[in-house]
Amino acid sequence: MSGAPATGPFAGEALRGPLADELIGVLGRLPELAGRALSLVPISGGITNRNFRVDIAGSAERYVLRLAGNDTHLLGISREVEHAASVMAAGIGVGPEVAAFIRPEGYLVTRFIEGGPVDDAAVHRPETIAAVADALRRIHAGPAIPGLFVPLRIVEAYAALAAERGVAVPPEYAREIGRA
């Protein structure tokens, strides 16, 4: 397999060092990856996760390894719920196949799907809007996932967490939260 592209969502070259060794060891616990020569290429763009494309030497087969970011539990993110949501999304055809959920680490492994950004013109095309609407309908009609998501309560919890940690809450927050 050739190296990662120089541009796009990939940071360039394969991850090396103790983290790479540790993650490849963890991936070796999966029967489909055990004993295979693996390399990890960082994928940029995660907000609360670190993501890596998993390349397998001599194979076109690729995966994505998703690691929780530091202290994401403080944000109320449940990796178990994320796993369940990913399985549901794959089951209804709007997400990649989930290959594994590695415990106790909470690492999610999915199939890699080649793709790219959608430009501004494409976002506004009727067929793009129809495809997004169809995906949203399928998600909301799909099976329930565990967990509860109440956006206003999450915003309040994030503001409290920021205050506890000495982060200045923008004055606009107080004004807008009063309108909710």
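Is Val98 buried or exposed? In this predicted model, Val98 is buried, with a relative accessible area of 18%, a value that falls below the 20% under which a residue is counted as buried. The residue belongs to strand E4, which spans residues 98–102. Once neighbours within four places in sequence are set aside, the contacts of Val98 are with His83, Ser86, Val87, Ala90, Leu108, Val109 and Thr110. Ile129, by contrast, lies 31 residues from Val98 along the chain, and the C-alpha atoms of these two residues are separated by 26 Å.

Confidence in the model can be considered before the remaining features are described. The mean pLDDT of the protein chain is 88, and 93% of its residues reach 70 or more. Over residues 1–8, however, pLDDT stays under 50, and the model has 13 contacts beyond four places in sequence for this segment. Where pLDDT is low, the predicted coordinates should not be read in detail.

Strand E4 takes part in an open sheet of 5 strands, in which the order is E1-E2-E3-E5-E4 and the pairing is antiparallel. Strands E1 and E4 form the edges of the sheet, each of them pairing on one side only. From one strand to the next, the twist averages 25°. Helix H1, comprising residues 18–27, packs on this sheet and touches E1, E2, E3, E4 and E5, with a direction that makes about 115° with that of E1. Helix H2 lies across E2, E3, E4 and E5, and runs at about 170° to E4.

At the E1 edge, strand E1 (residues 38–43) is joined to E2 by 6 bridges, the two strands running antiparallel, and Leu38 stands opposite Ile56 in E2. The hairpin of E1 and E2 has 5 residues between the strands, and Gly45 in this hairpin takes a positive phi near 105°. Strand E2 itself, which covers residues 49–56, is mostly covered, with 7 of its 8 residues buried. E2 also pairs in the antiparallel sense with strand E3 (residues 62–68), over 7 bridges, and within this pairing Tyr63 in E3 is the bridge partner of Val54. The hairpin of E2 and E3 likewise has 5 residues between the strands, and here Gly58 takes a positive phi, near 75°.

At the other end of the sheet, E4 and E5 pair in the antiparallel sense over 4 bridges, and the bridge partner of Ile102 is Tyr107 in E5. Thr110 is located in strand E5, which extends over residues 107–111. With a relative accessibility of 9%, Thr110 counts as buried. Beyond its neighbours within four places in sequence, Thr110 is in contact with Tyr63, Val64, Pro96, Glu97, Val98 and Ala99. Tyr63, one of these contacts, is the E3 residue that serves as the bridge partner of Val54.

The contacts between helix H2 and the sheet can be followed through His83, which is found in this helix (residues 79–91). His83 is buried, with a relative accessible area of 18%. When residues up to four places away in sequence are not counted, His83 touches Val98, Phe101, Arg103 and Leu108. Leu108, one of these four, also appears among the contacts of Val98.

A further helix, H5, occupies residues 151–164; its 14 residues reach 20 Å from the first C-alpha to the last, close to the 20 Å expected at 1.5 Å a residue. The buried residues of H5 are Ala159, Leu161 and Ala162, and, seen down the axis of the helix, these buried residues fall within an arc of 160°, so that they line one face of H5. In general, an α-helix has 3.6 residues a turn, so residues three or four places apart point the same way. Helix H6 (171–177) is included in what covers the buried residues of H5, whereas the face of H5 turned away from its buried side carries the exposed residues Ala163 and Glu164. H5 is followed by Gly166, a residue whose phi is positive, near 80°.

Notes: Residues numbered from 1 in each chain as written. Predicted model: local features only at pLDDT ≥ 70, side-chain atom pairs only at ≥ 80, totals over all residues. Heavy atoms only, no water. Expected span 1.5 Å × (residues − 1). Buried < 20%, exposed > 50% of the residue type's maximum accessible area, 1.4 Å probe, protein only. Arc of directions from axis to C-beta. Contact = heavy atoms within 4.5 Å. Pairing = 2+ DSSP bridges. pLDDT = per-residue confidence, 0-100. Axes fitted to C-alpha atoms, helices over the stretch in contact; angles between N-to-C directions.
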